[in-house]
Amino acid sequence: MLSEKKLKSISVFVPEEIVLSSLEKSGFVLQETATVSSDGKFWKKELYVKGDELISVSEELGDYWPKDPIVSICGLPNTIQKILGDLDAFL
Amino acid sequence: MPSFECNETQFIENISRLLESENRFVVNRRIQVYDDRRYGPASLPDDVFTQFSSIFVRKGPRSSVYAKTHFLDDYHQKVYFLQDLLHSSSKMKYPLLHIPCYKVEYSFRIWGNSYHFSFDVLFKPKISIEQKKIMKKMNPKIEEDSTMLIHVLHFEPPPERMLVINLPKKVLVLDFRKANNPLEN
């Protein structure tokens with residue numbers, strides 16, 4: 001039986017480069033970027049795609065520290081587990 | 001009816017929990033273009049301002065922005081000349097040149113409470129040099145219509161996939177234009 005897609009959204013204290021390298025290692029490809037404004041802040045939103053699985057990574061723009069990108073995943077349970085595992089390993 | 005404002009993580013996690021608990025609900029979505037002077041070049045962070053740096057100049061974030069060269073704002077059909085003020089640091093809420101955006105609003109209702117998440121996606125600037133017909137109505141300083149090579153600022157709408165929250169297919173999303181609540185009148 002095919003697995004159903006699940007949702008997961010987390011804010012992680014992991015540099016954006018580590019997040020992106022985990023996504024690329026899992027076969028996700030950058031499809032689009034946009035500038036988004038939300039919560040009175042500006043964000044760079046990147047959309048990564050692998051088949052019909054989608055992950056968006058939003059990082060706040062400007063001189064802020066620490067950076068805590070928001071990773072929102074609409075994907076298979078295995079994918080969510082793998083990405084969260086990679087991010088946990090960094091922490 | 002209590003109404004709660006969420007950020008992206010909270011909103012998606014709330015939907016995820018409702019799916020896990022097999023509750024039935026509908027997600028409402030409104031996407032509208034706004035060009036209401038909400039975003040001007042002085043309020044942009046440096047990373048975004050650099051996209052305009054071939055035709056705009058400023059000393060730093062929240063400083064006044066001036067035209068670096070003559071250019072045509074193709075979206076608003078206005079011409080600006082070298083050193084024209086585009087956004088004054090003393091009038092941050094009233095930029096003379098403004099950036100259009102899509103306002104995206106998501107909400108769902110459950111057990112008498114409503115949960116909201118909204119964000120704006122800015123149009124992307126694209127700058128080129130083109131032969132354009134410049135008309136008197138584009139700037140009061142123009143004395144007569146003419147055709148010339150000029151920098152052109154285009155604002156390109158972001159693709160639809162950047163305007164939506166990615167949700168599993170079993171989540172029913174309904175689009176709407178205007179919310180009417182007769183009880184509020």
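A:Thr79 lies in helix H2 (residues 77-90) of chain A. Helices here are DSSP runs of H or I with at least four residues, strands are runs of E with at least two, and both are numbered from the N terminus. This is a predicted model, in which local features need pLDDT of at least 70, side-chain atom pairs count only at pLDDT 80 or more, and totals for chains, interfaces and linings use all residues. Residues are numbered from 1 along each chain as its sequence is written, while chains are lettered from A and ligands numbered from 1 in the order in which they are written.

**A residue in helix H2 of chain A**

Is A:Thr79 buried or exposed? A:Thr79 is buried, with 23 other C-beta atoms within 10 Å. The cut-offs are these: a residue is buried with 20 or more other C-beta atoms within 10 Å of its own, exposed with 12 or fewer, and partly exposed in between, with C-beta atoms placed from the backbone. Beyond its neighbours within four places in sequence, A:Thr79 is in contact with A:Ser26, A:Glu53 and A:Ile73. Contact means that two C-beta atoms, placed from the backbone, lie within 7 Å. A:Phe42 is 37 residues from A:Thr79 in sequence and 28 Å away in space, C-alpha to C-alpha.

Now the whole helix. H2(A) has 14 residues, which should span 20 Å at 1.5 Å a residue, and its end C-alpha atoms are 20 Å apart, which agrees. The expected span is 1.5 Å times one less than the number of residues. A:Thr79, A:Ile80 and A:Ile83 are buried in H2(A). They cover an arc of only 100° around the axis, which puts them on the same side of H2(A). The arc is that of the directions from the helix axis to the C-beta atoms. An α-helix has 3.6 residues a turn, so residues three or four places apart point the same way. The buried residues of H2(A) pack against S1, helix H1 (16-25), S4 and S5 of chain A. On the face turned away from the buried side, H2(A) carries exposed residues, including A:Pro77 and A:Asp88.

**Chain A as a whole**

Chain A has two helices and five strands. From the N terminus, its elements run β-α-β-β-β-β-α. The radius of gyration of chain A is 13 Å, close to the 12 Å that the globule rule gives for 91 residues, so chain A is as compact as a globular protein of that length. That radius is taken over C-alpha atoms, and the rule is 2.2 Å times the number of residues to the power 0.38. Along its principal axes, the C-alpha trace of chain A spans about 45 × 25 × 20 Å. Buried residues make up 38% of the 91 residues in chain A.

**A helix in chain B**

Helix H1 (residues 8-20) of chain B has 13 residues and reaches 18 Å from its first C-alpha to its last, close to the 18 Å expected. Which residues of H1(B) are buried? They are B:Glu8, B:Phe11, B:Ile12 and B:Ile15. Seen down the axis of H1(B), its buried residues fall within an arc of 90°, so they line one face of the helix. The opposite face carries the exposed residues B:Arg17 and B:Glu20. The cover over the buried residues of H1(B) comes from both chains, and includes strand S1 (6-11) of chain A and strand S8 (101-110) of chain B.

**Sheets in chain B**

Four strands of chain B form an open sheet in the order S6-S5-S11-S10, with mixed pairing. Two strands pair if DSSP finds at least two bridges between them. Strand S6 (78-80) and strand S10 (124-134) of chain B stand at the edges with a single partner strand each, so one side of each is left without a neighbour in the sheet. S10(B) and strand S11 (residues 146-156) of chain B run antiparallel, joined by 11 bridges. In S11(B), B:Ile150 is the bridge partner of B:Glu130.

Another open sheet of chain B has three strands in the order S3-S4-S7, with antiparallel pairing. Two bridges join strand S4 (residues 65-67) of chain B to S7(B).

**Positive phi**

Most residues other than glycine have a negative phi. These residues have a positive one.

| Residue | Phi | Place |
|---|---|---|
| A:Asp39 | near 55° | loop between strand S2 (29-38) and strand S3 (41-50) of chain A |
| B:Gln83 | about 70° | loop between S6 and S7 of chain B |
| B:Glu22 | near 60° | follows H1(B) |

A:Asp39 is partly exposed, with 13 other C-beta atoms within 10 Å. B:Gln83 counts as exposed, with 11 C-beta neighbours inside 10 Å.
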